[in-house]
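Welcome, and thanks for opening the model in your viewer. Keep the selection panel handy, and we will go from stop to stop together.

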Amino acid sequence: MNIRRVPFDHPDAIKLNDQVQAEYAERYEDEGDVTPLDASMFAPPFGLYLIAYDERDRPVATGGWRTQDENGEGYADGDAELKRMYVIPEARGLGLARRVLAALESDAREAGRTRMVLETGSKQPEAVALYTSSGYEPCPKFGYYRFHELSLCYAKAL
């Protein structure tokens with residue numbers, strides 16, 4: 001597996017983002033994650049976006065982090081927010097999400113961030129299992145979906 005830094009608006013990132021949005025829409029019977037995001041949020045040193053490619057150079061997994069600090073949405077100074085973690089269905093179970101997550105945590109730590117936070121949903125048990133087995137613990141809700149009943153928020157000290 002080859003994990004590469006790419007801009008959030010890279011064609012492969014857009015393709016995988018469309019796929020994860022379709023999965024969210026199906027699971028939650030809505031329009032997907034409408035959290036406002038743009039490519040500048042993932043530009044180093046204030047964030048990072050990664051894509052894992054397989055041996056045929058096919059994009060199979062993705063994830064990113066963006067800087068967050070204390071604001072009216074419940075973030076704290078030093079936060080790095082995990083976004084758009086996704087593995088295509090045919091590549092699941094290979095440990096790709098765990099590898100991307102570890103790379104993102106390392107990069108955020110090197111950028112001076114002190115806590116990784118994420119929001120997922122109760123209809124994503126695979127995500128919850130990944131994060132809790134990786135040391136994430138439930139935390140007070142934050143972000144765009146902080147008032148949504150299906151929202152689950154987690155944090156891990158970096």
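Helices here are DSSP runs of H or I with at least four residues, strands are runs of E with at least two, and both are numbered from the N terminus. The structure is a predicted model, in which local features need pLDDT of at least 70 and side-chain atom pairs count only at pLDDT 80 or more, while totals for chains, interfaces and linings use all residues. Residues are numbered from 1 along each chain as its sequence is written, and side-chain values use heavy atoms, with hydrogens and water left out.

**Stop 1: the annotated span**

Select residues 1–158. UniProt, in an unreviewed entry, places the feature "domain: N-acetyltransferase" on this span. The UniProt positions follow the numbering used here, the feature names are shortened, and such annotations may be inferred rather than shown by experiment. The span is 27% helix and 29% strand, and its end C-alpha atoms lie 25 Å apart.

**Stop 2: helix α1**

Next, select α1 (11–28). The expected span of a helix is 1.5 Å times one less than its number of residues. For the 18 residues of α1 that gives 26 Å, and the end C-alpha atoms are indeed 26 Å apart.

Now colour by accessibility, where buried means under 20% relative accessible area, exposed means over 50% and partly exposed is in between (1.4 Å probe, protein chains only). Which residues of α1 are buried? They are Ala 13, Leu 16, Asn 17, Val 20, Gln 21, Glu 23, Tyr 24 and Tyr 28. These residues lie on the same side of α1 because they cover an arc of only 160° around the axis; the arc is that of the directions from the helix axis to the C-beta atoms. Turn to the face pointing away from the buried side and you will find the exposed residues Pro 11 and Glu 26.

**Stop 3: backbone details in the loops**

Move on to the loop between α1 and β2 (47–53), where Pro 45 lies. Pro 44 and Pro 45 are joined by a cis peptide bond, with omega at about 5°. The loop between α1 and β2 also holds Glu 29, whose phi is positive, near 55°, in a residue other than glycine. Is Glu 29 buried or exposed? Glu 29 counts as exposed, at 72% relative accessibility.

Then select Asp 57, in the loop between β2 and β3. Asp 57 is not a glycine, yet its phi is positive at about 65°. With a relative accessible area of 44%, Asp 57 is partly exposed.

**Stop 4: helix α2**

Select α2 (96–110). This helix has 15 residues and reaches 21 Å from its first C-alpha to its last, close to the 21 Å expected. Its buried residues are Leu 96, Val 100, Leu 101, Leu 104, Glu 105, Asp 107 and Ala 108. They sit on the same side of α2, because the arc they cover around the axis is only 165°. Just after α2, look at Gly 112, which takes a positive phi of about 95°.

**Stop 5: strand β4 and the loop after it**

Lys 83 is in strand β4, and it is buried, with a relative accessible area of 6%. Add Pro 36 to the selection: 47 residues separate Lys 83 and Pro 36 along the chain, and their C-alpha atoms are 11 Å apart.

In the loop between β4 and α2 you will find Ile 88, buried at a relative accessible area of 5%. The C-alpha atoms of Ile 88 and Val 60 are separated by 5.4 Å, with the two residues 28 apart along the chain.

**Stop 6: the open and enclosed spaces**

On a 1 Å grid over the protein atoms alone, a cavity is a set of points where a 1.4 Å probe fits but cannot get out, and a pocket is an open set with protein on both sides within 12 Å along at least five of seven lines; lining residues have an atom within 4 Å of a point. Grid points are joined across faces, edges and corners, and a volume is the space filled by probe spheres set on the points.

The largest pocket holds about 840 Å³. Of its 38 lining residues, Tyr 24, Met 85, Thr 120, Gln 124 and Ala 127 lie nearest its centre. Strand β4 gives the largest share of that lining, 6 residues.

Finally, find the 1 cavity of 30 Å³ or more, with a volume of about 50 Å³. Among the residues lining it are Thr 35, Arg 66, Glu 73, Lys 83 and Tyr 145.
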